[in-house]
Amino acid sequence: MAYDHAGSGITLTLEAAADLSSNQYNFVKLDANGKVVICDASTSAQKPIGVLQNAPDASGKAATVLVVGISKIEAGVAFNEGDLIAASDNGSSADDGQAVAADAGDYVAGQIITAGAADEYLTAAINCASLALVA
């Protein structure tokens, strides 16, 4: 069962650039205006700012983003404990922002704590404050 560690870690409150109500526990990034958008296929290597913790339902609403800490994360693929994760960039809007296996050219955004299947909510240690590019 997925869990988060509320009250610990580093969170930011930023402005949502769009309706993100269906993207809770997905990776988000900053747009050119410094607002939060879901990580998508607009770039090949996503640079997430963190994991969305709430579900703002309109542009301009407050988005709570976990930058460093323990969080639930929506899995785009099956994972084992210890797997390194990156933000999805596969071009399918249904999968935007989900965690995928970190491959060459991806930024490592965390590590899986609880294993599980694709489309499940898993637990991960997130670190988007110090992203490392996979060689």
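## Strand pairing around E5

In this predicted model, Thr13 has Thr64 of E5 as its opposite number. This pair belongs to the antiparallel association of strand E1, residues 10–15, with strand E5, residues 62–74, which extends over six bridges. E5 also takes part in an antiparallel pairing with strand E4, residues 50–52, where two bridges connect the strands and Val51 faces Leu66 of E5.

A further partner of E5 is strand E10, which spans residues 121–127 and runs antiparallel to E5 over seven bridges. Within that pairing, Ile73 is placed opposite Leu122 of E10. E5 is thus a convenient reference for reading this part of the structure, since the pairings with E1, with E4 and with E10 can each be traced from it.

## Strand pairing around E6

Strand E6, residues 84–87, is joined to strand E9, residues 110–112, by two bridges in the antiparallel sense, and here Ile85 stands across from Gly110 of E9. E6 pairs in addition with strand E7, residues 99–101, again antiparallel and over three bridges, with Val100 of E7 serving as the bridge partner of Ala86. The neighbouring positions Ile85 and Ala86 of E6 therefore appear in bridges to E9 and to E7, respectively, as the strand definition by DSSP bridges allows. In a regular strand, side chains alternate between the two faces of the sheet.

## The chain as a whole

The secondary structure consists of eleven strands and zero helices, so that the order of elements along the sequence, under the DSSP assignment, reads β-β-β-β-β-β-β-β-β-β-β. Among contacts with a sequence separation of 6 or more, 64% connect residues that lie 24 or more positions apart.

Of the 135 residues in the chain, 40% are counted as buried. The accessible surface of the chain amounts to about 6300 Å², and carbon and sulfur atoms contribute 51% of that area.

## Two nonpolar cores

The largest nonpolar core contains 17 residues, and those touching the most other members are Phe27, Ile73, Phe79, Ile85, Ile112 and Ile126. At least two residues of this core come from each of E5, E6 and E10. A second core, separate from this one, has nine residues, among them Leu20, Val36, Ile38 and Ala63. In soluble globular proteins, nonpolar side chains tend to be buried together.

Some of the core residues have already appeared in the strand pairings: Ile73 is the residue opposite Leu122 of E10, and Ile85 is the residue opposite Gly110 of E9.

## Polar residues in two loops

Gln53 is located in the loop that links E4 and E5. Its relative accessibility is 17%, and it is therefore classed as buried, the limit for that class being under 20%. The side chain of Gln53 makes a polar contact of 2.9 Å with the side chain of Ser71.

Asp119 lies in the loop between E9 and E10 and, with a relative accessible area of 51%, is exposed. Apart from residues up to four places away in sequence, Asp119 touches Glu74, Ala75 and Gln98, and with Gln98 there is a side-chain polar contact of 3.2 Å. The C-alpha atoms of Asp119 and Gly76 are 5.7 Å apart, although 43 residues separate the two in sequence.

## Cysteines without a disulfide

Why do Cys39 and Cys128 not form a bond? The closest cysteine sulfur to that of Cys39 is in Cys128, at 7.9 Å, and this is too far for a bond, given that a disulfide requires sulfur atoms within 2.5 Å. Seen from Cys128, the closest cysteine sulfur is likewise that of Cys39, and the count of disulfides comes to zero.

Both cysteines are nevertheless buried, Cys39 with a relative accessible area of 0% and Cys128 with one of 7%.

## The C-terminal segment

Val134 belongs to the segment that follows strand E11, residues 132–133, and at 24% relative accessibility it is classed as partly exposed. Once neighbours within four places in sequence are set aside, Val134 is in contact with Ala102, Asp103, Ala104, Gly105, Asp106 and Val108. Val108 is 26 residues from Val134 in sequence, while the C-alpha to C-alpha distance between them is 6.8 Å.

Definitions and conventions. Residues are numbered from 1 along each chain as its sequence is written. This is a predicted model: local features need pLDDT of at least 70, side-chain atom pairs count only at pLDDT 80 or more; totals for chains, interfaces and linings use all residues. Side-chain values use heavy atoms; hydrogens and water are left out. Helices (H or I, at least four residues) and strands (E, at least two) are DSSP runs, numbered from the N terminus. Buried means under 20% relative accessible area, exposed over 50%, partly exposed in between (1.4 Å probe, protein chains only). Contact means heavy atoms within 4.5 Å. Accessible areas come from the Shrake-Rupley method with a 1.4 Å probe; for residues, only the protein chains shown count as cover. A nonpolar core is a set of buried Ala, Val, Leu, Ile, Met, Phe, Trp, Tyr and Cys residues joined through side-chain atoms within 4.5 Å. A polar contact is a pair of N or O atoms within 3.5 Å; within protein, one must be able to donate a hydrogen and the other to accept it, and residues adjacent in sequence count only if both atoms are side-chain atoms.
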